[in-house]
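Colleague: I am new to this model and would like a close look at one part, the ligand and its surroundings. Please describe which residues meet the ligand and how they do so.

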Amino acid sequence: MTQRQFDAVTVETVQGDIANQPDLDAIVNAANAELRIGGGVAGAIHRAAGPGLEQECIPLGPIRPGDAVISAGHNLPNAHVIHCLGPVYGRDEPSDQLLASCYRQALMLADRNGIVGLGFPAISTGIFGYPLAAAAQVALQTVRDTAPTLETVQRVRFVLFSDADLAVFDRALEEL
Ligand code: AR6
């Protein structure tokens, strides 16, 4: 685990399951446009949250790449889920700006909802094909650049699925 402080926000990286972060107020979903149950992160979150999450989410969609919307956490230990649609790498352009928009919108939405602790997966780096090291740079830079504008968010945790992915984020955080 690596930690860095940007203004009032502590940014940390851990290996783990985004659907099992009980000490955070909110987690972020790497969603599909329709906000339906999917694979990867979305599958894990919807399985843990139960069917009420999809029922709440479907009327909130469809969303566009770079957008974020908020729902309740249902059976998750977190009060809220923030659903982001990341860019499909090689299709949704400019992919770096759309990915940055996901992180910025999620952070601002969290702040408007009084969230203190927020957990992110590595949005777009699975089925959507965004290279992990490049995605880590965009994610961490956006948190650093948004941190001065935040009032309630104090902890941002990046939850990486594998030790190898964690090492990539750790290096990006150290080099930032
Ligand atoms: N906890 C943390 N990270 C995870 C978990 C987990 N439980 N499961 C996977 N990852 P992905 P995307 C990692 O594919 O690329 C869905 O079907 C994974 O190794 O979940 O934004 C949606 O419905 C990868 O590094 O999201 C969309 O259609 C990262 O999380 C589409 O996939 C993101 O992988 C979204 O694709």
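Modeller: Helices (H or I, at least four residues) and strands (E, at least two) are DSSP runs, numbered from the N terminus. This is a predicted model, in which local features need pLDDT of at least 70 and side-chain atom pairs count only at pLDDT 80 or more, while totals for chains, interfaces and linings use all residues. Residues are numbered from 1 along each chain as its sequence is written, and side-chain values use heavy atoms, with hydrogens and water left out.

The ligand is surrounded by 22 residues, each with a heavy atom within 4 Å of the ligand. Asn-32, Gly-39, Val-41, Ser-124 and Thr-125 are the closest of these. Helix H1, spanning residues 40-49, supplies the largest share of this shell, four residues. Sorted by class, the shell holds 12 nonpolar, eight polar and two charged residues (Ala, Val, Leu, Ile, Met, Phe, Trp, Tyr, Cys and Pro count as nonpolar, Asp, Glu, Lys and Arg as charged, and the others, Gly among them, as polar).

Particular atom pairs add detail to this picture. From the side chain of Asn-32, an N or O atom is 2.7 Å from an oxygen atom of the ligand. Two backbones take part as well: an N or O atom of Ile-18 lies 2.9 Å from a ligand nitrogen atom, and one of Phe-128 lies 3.0 Å from a ligand oxygen atom. On its own, the ligand has 700 Å² of accessible area (Shrake-Rupley method, 1.4 Å probe), and the protein covers 89% of this area.

Note on methods
A polar contact is a pair of N or O atoms within 3.5 Å; within protein, one must be able to donate a hydrogen and the other to accept it, and residues adjacent in sequence count only if both atoms are side-chain atoms.
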